[in-house]
Structure formats: structure tokens, C-alpha cells
Amino acid sequence: MMALRRLAALGCMCALLVGIIQIGGPLASFLDFWSVFFVVGMTLLGSLVSFSLSEMYRSLFCFDSEGAEEAEHKARVLDRMAEVAFVSGFVGLLIGLIHIFSQADLRQVEVLGPAFGVALLTPLYGLILGRLLFAGLAS
């Protein structure tokens, strides 16, 4: 029952996010493969420092806990993944800003606008992945 409630809540959050994004402009402007790849990759690799891949898998996809100790362990794994995703998003932003300021002519607004847009996607992905998904599953 709890798994169904979590999946319903995650589905509603995704629908709300997509709806709000659609109001402001095309959904495609919020999608960037390399930004997603960076945040997800850094989250997985950063979490592997503390936990095994099987522990992360069980925490994400196995909702039935055998006891309080296992539930606490899953919460610790998801909390760590939430922290790493959040930080990964801002590391991606800093990398993007460094690229922009080191390579772009700051007088060319038509180049800077899209470049800043892509740079700001990694914190968005880090917040969605870390705070909404992982921290939501951990609680």
C-alpha cells in the first residue's frame, strides 16, 4: 500500500512539474542529455563511495522492508543519494559557468542566454532528483 502511495505521489509531482514547465515554454528547453547524464552519473558514483550498488538498488526499488533496521539503512542510503544529487547539480552549474566565462564573448547575448539556460539545468535536475525523489523516498 505504501509503495502505491509513493508511486502515485511521484507521478503527480512529475505531472505538476511538466504542466508548470509547459505553461512557461516548450518542454524541450528544459531537457539536456549531458546535464542529466552528469547529475545522474555523479549521484551514482558519489553514492558508491558510501554504499554498494545493490544497496542503492534495494533502497530505490524494494519498498518492503523486513524490519526497522533495514528501513533505517534504506533511509540512510537514500539520504546520501539526495545529498550527492543536490551537490552534483551545483557542481554542474559551476562547471557550466566556468565554461561560459572562459570561452564566451560576454557582449554576445544571443550566445549567453542559451548557455546560461543549459548551465542552470544541472541544479534543477539535482534538486528534482535529490530533494523530491530521493529525500521523498527516504522519509
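These legends describe close-up views of a predicted model.

**Figure 1. The whole chain is built from helices**. The protein chain holds five helices and zero strands. From the N terminus on, the order reads α-α-α-α-α. The C-alpha trace spans about 60 × 35 × 20 Å along its principal axes. The chain has 139 residues, and 29% of them count as buried. Among contacts with a separation of 6 or more, 72% join residues 24 or more positions apart.

**Figure 2. Helix α2 has a buried side and an exposed side**. Helix α2 covers residues 33-48, which makes 16 residues. From first C-alpha to last, α2 reaches 22 Å, close to the 22 Å expected at 1.5 Å a residue. Which residues of α2 are buried? They are Ser35, Val39, Thr43, Gly46 and Ser47. Seen down the axis of α2, these buried residues fall within an arc of 100°, so they line one face of the helix. The spacing follows a general rule. An α-helix has 3.6 residues a turn, so residues three or four places apart point the same way. What covers the buried residues of α2 includes α3 (53-61), α4 (68-103) and α5 (109-138). The face turned away from the buried side carries the exposed residues Phe33, Trp34, Phe37 and Leu45.

**Figure 3. Phe33, Trp34 and Phe37 form a cluster of rings**. Ring pairs link Phe33, Trp34 and Phe37. These residues are exposed, on the face of α2 turned away from its buried side. Leu45 is also exposed on that face. How many aromatic pairs does the whole structure hold? A search finds six.

**Figure 4. Ser35 is a buried residue of α2 with a polar partner**. Ser35 sits in helix α2. Is Ser35 buried or exposed? Its relative accessibility is 5%, so Ser35 counts as buried. The cut-off for buried is under 20%. The side chains of Ser35 and Asp32 are joined by a polar contact of 2.6 Å. Beyond its neighbours within four places in sequence, Ser35 is in contact with Val118, Leu121, Thr122 and Tyr125.

**Figure 5. Ala85 of α4 touches residues from distant parts of the sequence**. Ala85 lies in helix α4. Its relative accessible area is 0%, so Ala85 is buried. Which residues does Ala85 touch, not counting those up to four places away in sequence? They are Val39, Thr43, Gly126, Leu129, Gly130 and Phe134. Val39 and Thr43 are among the buried residues of α2. Ala85 and Gly130 are 45 residues apart along the chain, yet their C-alpha atoms are separated by 4.9 Å. Val40 is also 45 residues from Ala85 in sequence, and 7.3 Å from it in space, C-alpha to C-alpha. Val40 lies in helix α2. With a relative accessible area of 35%, Val40 is partly exposed.

**Figure 6. An edge-to-face pair ties α4 to α5**. The pair is one of the six aromatic pairs found in the whole structure. The rings of Phe101 and Phe116 have their centres 6.0 Å apart and their planes at 70°, so the pair is edge-to-face. Planes over 60 degrees apart count as edge-to-face. Phe101 lies in helix α4 and Phe116 in helix α5, so the pair ties together parts 15 residues apart in sequence. Phe116 is partly exposed, with a relative accessible area of 28%.

**Figure 7. Arg131 lies over the ring of Phe86**. Arg131 lies over the face of Phe86. The distance to the ring centre is 5.0 Å.

**Figure 8. Lys74 and Ala68 are two residues of α4, one buried and one exposed**. Lys74 lies in helix α4. At 8% relative accessibility, Lys74 counts as buried. A polar atom of the Lys74 side chain lies 2.5 Å from the backbone oxygen of Cys62. Ala68 is also placed in helix α4. At 56% relative accessibility, Ala68 counts as exposed. How far apart are the C-alpha atoms of Ala68 and Gly19? They are separated by 37 Å, with their positions 49 residues apart along the chain counted as separation.

Terms used:
Residues numbered from 1 in each chain as written. Predicted model: local features only at pLDDT ≥ 70, side-chain atom pairs only at ≥ 80, totals over all residues. Heavy atoms only, no water. Helix = DSSP H or I, 4+ residues; strand = E, 2+ residues; numbered from the N terminus. Expected span 1.5 Å × (residues − 1). Buried < 20%, exposed > 50% of the residue type's maximum accessible area, 1.4 Å probe, protein only. Arc of directions from axis to C-beta. Contact = heavy atoms within 4.5 Å. Polar contact = N/O pair within 3.5 Å; in protein donor to acceptor, adjacent residues only side chain to side chain. Phe/Tyr/Trp six-rings, centres within 6.5 Å; stacked < 30°, edge-to-face > 60°. Lys NZ or Arg CZ within 6 Å of the ring centre and 35° of its normal.
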